[in-house]
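Please open the model in a viewer and keep the sequence panel visible. The tour proceeds by selection, from the whole chain to single residues.

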Amino acid sequence: MTKSIQCADLFPGCEFQAEAETEEALLQKAAAHAASVHNVTELTDEIVAKVKGCIRDA
Ligand SMILES: [Zn+2]
């Protein structure tokens with residue numbers, strides 16, 4: 001099942017969205033986006049947990 005994430009859930013106003021087949025692949029896409037756009041270079045457990053909480057089944 002495809003999973004999706006909307007960056008606006010974490011960074012209000014951001015229109016980035018990503019989809020991937022697995023949670024891992026989706027986290028990688030989100031991490032790459034967060035690093036380049038939001039200067040989130042350190043993925044702490046807290047951030048990862050937050051992101052996972054925003055993942056939805058597409
Ligand atoms: Zn964003």
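The stops below begin with the whole chain and then turn to the sheet, the helices, the core and a loop.

**Conventions**

The model is a predicted one, in which local features need pLDDT of at least 70 and side-chain atom pairs count only at pLDDT 80 or more, while totals for chains, interfaces and linings use all residues. Residue numbers start from 1 along each chain as its sequence is written.

**Stop 1: the whole chain**

Select the protein chain and colour it by secondary structure. It contains two helices and three strands, where helices (H or I, at least four residues) and strands (E, at least two) are DSSP runs numbered from the N terminus. Along the sequence these elements follow the pattern β-β-α-α-β.

Display the C-alpha atoms alone: they fill a box of roughly 30 × 25 × 15 Å along the principal axes. The radius of gyration of the protein chain is 10 Å, which agrees with the value near 10 Å for a compact globule of 58 residues. That radius is taken over C-alpha atoms, and the globule rule is 2.2 Å times the number of residues to the power 0.38.

Contacts here are pairs of residues whose C-beta atoms, placed from the backbone, lie within 7 Å. Of the contacts in the protein chain with a separation of 6 or more, 42% are between residues 24 or more positions apart.

**Stop 2: the sheet**

Select residues 3-6, 17-20 and 56-57, which are strands S1, S2 and S3. They form an open sheet in the order S2-S1-S3, with antiparallel pairing. S2 and S3 are the edge strands, each pairing on one side only. Two strands count as paired if DSSP finds at least two bridges between them.

Turn to the pairing of S1 with S2, where four bridges join the antiparallel strands. Ile5 has Ala18 as its bridge partner in S2, and Ser4 stands opposite Glu19 in S2. On the S3 side, S1 pairs over two bridges, also in the antiparallel sense. There, the bridge partner of Lys3 is Asp57.

**Stop 3: helix H1**

Next, select residues 23-37, which form helix H1. H1 has 15 residues and reaches 21 Å from its first C-alpha to its last, close to the 21 Å expected at 1.5 Å a residue; the expected span is 1.5 Å times one less than the number of residues.

Which residues of H1 are buried? They are Leu26, Ala30 and Ala34. Viewed down the axis of H1, the buried residues fall within an arc of 65 degrees, so they line one face of the helix. The arc is that of the directions from the helix axis to the C-beta atoms. An α-helix has 3.6 residues a turn, so residues three or four places apart point the same way.

A residue is termed buried if 20 or more other C-beta atoms lie within 10 Å of its own, exposed if 12 or fewer, and partly exposed in between, with C-beta atoms placed from the backbone. By this criterion, buried residues make up 10% of the 58 residues in the protein chain.

Rotate to the face of H1 turned away from its buried side: Glu24, Ala32 and Ser36 are the exposed residues there. The buried residues of H1, in turn, pack against S1, S2 and H2.

**Stop 4: the nonpolar core**

Show Ile5, Leu26, Ala30, Ala34 and Val51 as spheres; these five residues make up the largest nonpolar core. Helix H1 supplies the largest share of this core, three residues. A nonpolar core is a set of buried Ala, Val, Leu, Ile, Met, Phe, Trp, Tyr and Cys residues joined through C-beta atoms within 7 Å.

Centre the view on Leu26, which is buried, with 21 other C-beta atoms within 10 Å. Neighbours within four places in sequence aside, Leu26 is in contact with Lys3, Ile5, Ala18, Ala20 and Ile55. Between the C-alpha atoms of Leu26 and Lys52, 26 residues apart along the chain, the separation is 9.4 Å.

Then move to Ala30: with neighbours within four places again left aside, its contacts are Ile5, Ala18 and Val51.

**Stop 5: the loop and helix H2**

Finally, select Asn39, in the loop between H1 and helix H2 (45-53). Its phi is positive, near 60 degrees, in a residue other than glycine. Most residues other than glycine have a negative phi. Asn39 is exposed, with 8 other C-beta atoms within 10 Å.

End at Gly53, which lies in helix H2. Gly53 is exposed, with 9 other C-beta atoms within 10 Å. From C-alpha to C-alpha, Gly53 and Asn39 are 20 Å apart in space and 14 residues apart in sequence.

Note on methods: Contact = placed C-beta atoms within 7 Å.
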